[in-house]
Structures are given as C-alpha cells and as structure tokens.
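Work through these exercises with the model open beside you. Try each task before you read its solution.

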Amino acid sequence: MVLPIRRRRINPRWNITETLAGYIFMMPTILVLGCFVILPIVYAVFLSLHKVQLLGGIDYDFIGFRNFTRLVEDERVGIALRNTAEYVAIVVPSQTILALLLAVTLNSGIRGKNSWRILFFLPTVTSSAVLTLIFMWIYNTDGLLNHVLAFVGLPTYNWLGDPAVALKGIMIMNIWSTAPFYMVIYLAALQDIPQKVYEAAELDGANWWQKFIYITIPLLQPVTFFVVAIGIIGTFQLFDQSYIFSGGTGGPNNATLTMVLLIYQAVFRNLQMGYAAAIAFLLAVIIIVVTLIQQRIFGNQKT
Amino acid sequence: MTNISRLPWLKALLYIVLTLYAIITLIPFLWALSASFKPLPEIISGELNFFPQHFTLDNYRQIFVQEQLFWRWFFNSVFIALSVTLLNLLFNSMAGYALARLSFVGKRFWFFLILALLAVPTQITLIPTFLILKAIGWLNSYQGMIVPGMVNATFIFMMRQFFVNFPQELEEAGQLDGLNTLGIFRHIVLPLAKPALAAQAVFVFMSSWNNFLLPIVILFDPEMFTLPLGLNSFKGQYISYWNYIMAASMMFTLPALGIYAFFNRYFIQGATFTGGKG
C-alpha cells in the first residue's frame, strides 16, 4: 500500500498571537543586538572613513581611505603585527599539542581522571589579570623563575625589562593557562572514539604509538580544527596580558605591543577613533583570512 | 586508548608526568598564596620560602582597611557579573525558545542574522560601542557594563539547539492545562532547561568576572572599577609591594574558585561547546 505523503500544512493566515509572542520573546535580543552589535558594525565602517574630532562635540571629516593608507606607513602597526603573528605562530601549536598530550594521558585508563582534570583546569578559570600579576612577580629579576633557572644551571633573564624575552614570558604564561581548556575539549572527543577501533588495531598488532598516530590523531581531526580555529581567534586578540605587563605601553621597546593594544592606544592615548576603527578592520580581516586558510589545511581533509 | 594496566612502566611514567604537570599548575598559585601571608622584607630578601617564615595577616588587613575601594570593586564585580548572568539566562533562553518553538513572521531572518553575528570579531564593535555609550551618557555606569552584554548570540544559538531537541509533549500538556506561551515557558520549559542554564551561567559569570577589555574602555572613575581594573590600578599604586598585590589577587581569585568548584561539572560541559578566552 502506498501511503499518501502529507505535506506539512502551511498556515493560511499568520497566527497573530504566536507572532506577537515570538516578538515579545525576541525583543530584548533584537534591541541589544541592534544597538550594540549591528549599529556598531555600521558605525565602525563610517568611522574608518572619517577623521574624528572629539573636542567638545563629535565632529567627522570624510577622508576616504586615508585611515587605511596610513596603516601601511605606521611602523608601530608593523611591529604590532609582527608581535601578534609571532605570538599566534608559537602559542597556538604549543597549546594544541600540550592539550592533546594531556588529554591522551588522562584518557589512558589513569586513576582519578576527574580530579586531575579539575586540578589542571584551574588556570583557565582564573582571571588573566590575576595570572599576569602572579607571573610578573615570578618573572622578577630575582623572582622564582630565575632562581629555578639558576638552580638547574640555565641562564636567567630580565623577563619584564628585556625586549628580547618579554613577549616570550607572556607566551609561556598563556600556553600554560589556555592549554587545559583545550585539553577538556579533547578529552570529550576522546571519549567518543569507540574502543572497538583500538581493539581491532591491537589484533592487527599495532602498538600504542601506531594507534595514536593512525587512529587517534585522524579521528580527532575535526576537534583539532575547532581547537586551532578558536586558538587563532583568541591569540590574535591578545590584550589583557600585554596591557598589564607593560602598564599599557606595549613596552619594553614595543616588544609586547599587540594589535588590540594598538587599537586601545589609538582610541585613548591619541583619540583617533577613525584610525582605531581602521586598525580593527585590519585585524578582523587578518583573523578571517587566517581562519579560512586554516580551514583549507585542516577542515577539508578526509580522514 | 591503551589499557595501561598491562604496562606497569608506562603507567608509572604517566603518573610521573601528571604529577609534574600538577606541580607546574599549582606552583604559581601556591607561591602567590604564600606571598600573601609574608611581610614585604621576607619577599624581597630573595629567599625562596614556600612557607612564610613570619606569617602575617597584615597584607589582607591593608587591602580591607586601608584600601577602602577594594570592597567597592568587589561589590561592582559581583553586582555586574550577577546582573549580566541573570539577564543572559533569561533573554538567551527566551530568544532560543522563540527560534526553536514559536512560528512568527521573520523568524528565519532573525535566526540567520544571529548566526551571522557569531562571526563578527569583538574589536570591530568595541570603539563604536564606546562612542554610543558616550552619546547616551552610559560611560562609567553599571548599565553601560550590563546592557550591551545582557544577550549573547552564542548562547542564544546554544539554547535554540537545546530547545529543538526538547520533548514537545510536556509543552502540549501545559497548553491543555490552559497555560499561555509565557506560562509554558516559565513553568515548564525553564525548569527543565536547568543543565543548559547552569553551564551558561557559569560561563557568563566567569567571563564577566574576569573581563578586562570592556571595563578598561568604558570605566574611568576608580569608584566604578571592577576587580580586574582595581587590581591593575593597585599594582600601579603599590608598584613593588608584592605582598599587597598577591593578597589582593588571592581575594579576587577565591570567589571564582568557589564557583568553579561548585559548578565544576557544568563548567566542563560548557567548555566543550563554547569558545576560549581572549
């Protein structure tokens, strides 16, 4: 018997009560997103094409793309870009690999898995302001880290004052504080891998290393894509740590100057709203492009 | 992945690695905690004492008694984070519910608009938001900190997914009992959404509590500072008084740790479906 296929009934009249209820439910969202996301996006485009005078009332001079051409000539933009790029290039792979290793270790039938996980997650829930202050103190010339380095016979550094290592100090801190977050994501994904896959591989004589390389890593690829994408977006937005580290200057000698810190300085030190909006657009474009490239590399591969 | 019980040496190695990592995780916190009980001379003497030689509560006394603004910062942080959290829970689930269950004119438009907004980087909206808040006189105010953040596209989307997979029978039963949409939402839907709401609550609270960029942009009066800003200004004021700074850091961290310990399960759940911190 052939069952007649019933098409979903299309409502002949708009249900007024339900539409009203829908809009009552949506109203806070529409108002807030409208005023503080959509309007700002339009406003940002407008700002980036203007020179903004903030004295007394606000005054806008249309200057076309001059804010954008100025980006090319501004050497601090180049420095901030290089610092940010270096930061992303080192921190994202490091925290991803560390997170994966921690997750695999925790998932290998260890006792007290949840207790370890809770403990490791601690830095991730702690405020970046607190972490930065604690690390600044540990990084002091006669601080804990240098004592440990000296004790094991390694060279010590002026972590806060030496332009060559200041950014490295922030990198170490952030790998340490963010890796546990991705560890948790990896842990959830590892638990979804069916045990049978490993058992089959064991029957074929695979050792733990082969299982890791040929089963775990490929099966985790979608998660790795997610972790790297979120990692890139997060690291490109580095601000709190370098602001607190350098007292807002980006020093020593611009070593900790990042793109978001530059935007902040353009707004509040130099009162150049239009130029700041242009830097924000540059940063947004870079994040989007890098994420798309990342998607090409990770996302499309078939496992 | 591997049943390590058959490989005792590997098992031992893994425990060593985990223990070492646990030490690396804990040392900065313990070191800071210990310093918060040390008098300044002991800290700058350069001796590495994990336990204070001259245990003192003076640092905490200094924060609470001398630094009167600390309580104010504490209150500001709690008030803002709680308000933002409660409003987010209410508004995100209302919007999520409407997008999942109600049929209304323009629903598809709003759904795709909210999806699109997920992709907009925060830097773009920061400066215009500052200028908008300035124009309406909300700089340096609680409403300036609360209103722009009281809905969140990510969690609206999350709540929508949750409600789409929600069994419809209970709502229909509510309808038969004569409840209207608001009543169904209030008495049936919200109570059953507790796990999703708890995960969201912890996440929103934590990100508001720890937020640095938004307050530093829109708050300028020390009276209005939240704890992260207060702490930063504290550092400027007591530039080498690491004893005070560490005591303040500890006082700032404890409430967050309490919430983390209490809601740990939801927090970890939440961690698997939302983004990282900036």
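## Exercise 1: A salt bridge between two helices

Glu86(A) and Lys168(A) form a salt bridge, and their closest N and O atoms are 3.3 Å apart. This comes from a predicted model.

**Task.** Find which helices of chain A hold Glu86(A) and Lys168(A), and state what the pair ties together.

**Solution.**
1. Start with the general idea. Side chains of opposite charge can pair when their charged atoms come close.
2. Check the distance. The cut-off for a salt bridge is 4 Å between the nitrogen and the carboxyl oxygen. The closest N and O atoms of Glu86(A) and Lys168(A) are 3.3 Å apart, so the pair passes.
3. Place both residues. Glu86(A) sits in helix 3 (residues 75-106) of chain A, and Lys168(A) sits in helix 7 (residues 166-191) of chain A, so the salt bridge ties together parts that are 82 residues apart in sequence.
4. Look at the accessibility. Glu86(A) is partly exposed, at 31% relative accessibility. Lys168(A) is partly exposed too, with a relative accessible area of 34%.

## Exercise 2: Buried or partly exposed?

**Task.** Classify the two partners of the salt bridge between Glu202(A) and Lys211(A).

**Solution.**
1. Confirm the pair. The closest N and O atoms of Glu202(A) and Lys211(A) are 3.0 Å apart. The two side chains also make a polar contact, at 3.0 Å.
2. Recall the limits. Buried means under 20% relative accessible area, and exposed means over 50%.
3. Apply them to Glu202(A). Its relative accessible area is 30%, so Glu202(A) is partly exposed.
4. Apply them to Lys211(A). Its relative accessibility is 3%, so Lys211(A) counts as buried.
5. Place the lysine. Lys211(A) belongs to helix 9 (residues 208-219) of chain A.

## Exercise 3: A salt bridge in chain B

**Task.** Locate Arg72(B) and Glu223(B), whose side chains meet in a salt bridge.

**Solution.**
1. Read the distance. From N to O it is 3.1 Å.
2. Place both ends. Arg72(B) is in helix 4 (residues 69-101) of chain B, while Glu223(B) is in the loop between helix 12 (213-218) and helix 13 (227-237) of chain B, so the pair ties together parts 151 residues apart in sequence.
3. Classify both. Arg72(B) has 28% relative accessibility and counts as partly exposed. Glu223(B), at 38%, is partly exposed as well.
4. Put the pair in context. Over all chains, the structure holds five salt bridges.

## Exercise 4: A hairpin in chain A

**Task.** Describe how strand 1 and strand 2 of chain A pair.

**Solution.**
1. Find the strands. Strand 1 covers residues 50-53 of chain A and strand 2 covers residues 59-62.
2. Give the direction. The two strands run antiparallel and are joined by four bridges.
3. Pick one opposite pair. Lys51(A) stands opposite Asp61(A) in strand 2 of chain A.
4. Look at the turn. The strands form a hairpin with five residues between them. Gly56(A), in the turn, has a positive phi of about 65°.
5. Sort the side chains of strand 1. His50(A) and Val52(A) point to one face and are buried. Lys51(A) and Gln53(A) point to the other face and are not buried.

## Exercise 5: Where the chains meet

**Task.** Describe the interface of chain A and chain B: how many residues are in contact, and how much area is buried?

**Solution.**
1. Count the residues. 99 residues of chain A are in contact with 92 residues of chain B.
2. State the area. About 8,800 Å² is buried between the chains, and carbon and sulfur atoms give 78% of it.
3. Name the top three. Phe25(A), Phe36(A) and Trp137(A) supply 10% of the area that chain A buries against chain B, more than any other three residues.
4. Find the main element. Helix 1 (residues 16-48) of chain A gives the largest share of the side that touches chain B, with 23 residues.
5. Sort that side by class. The side of chain A that touches chain B has 72 nonpolar, 20 polar and seven charged residues.
6. Check for salt bridges. The rule finds zero across this interface.
7. Finish with polar contacts. Eight residue pairs are in polar contact between chain A and chain B, both residues at pLDDT 80 or more.

Note on methods. Residues are numbered from 1 along each chain as its sequence is written. Chains are lettered from A and ligands numbered from 1 in the order in which they are written. This is a predicted model: local features need pLDDT of at least 70, side-chain atom pairs count only at pLDDT 80 or more; totals for chains, interfaces and linings use all residues. Side-chain values use heavy atoms; hydrogens and water are left out. Contact means heavy atoms within 4.5 Å. Buried area is the accessible area (1.4 Å probe) that two parts lose on being put together, summed over both. A polar contact is a pair of N or O atoms within 3.5 Å; within protein, one must be able to donate a hydrogen and the other to accept it, and residues adjacent in sequence count only if both atoms are side-chain atoms. Ala, Val, Leu, Ile, Met, Phe, Trp, Tyr, Cys and Pro count as nonpolar, Asp, Glu, Lys and Arg as charged, and the others, Gly among them, as polar. Buried means under 20% relative accessible area, exposed over 50%, partly exposed in between (1.4 Å probe, protein chains only). Two strands pair if DSSP finds at least two bridges between them.
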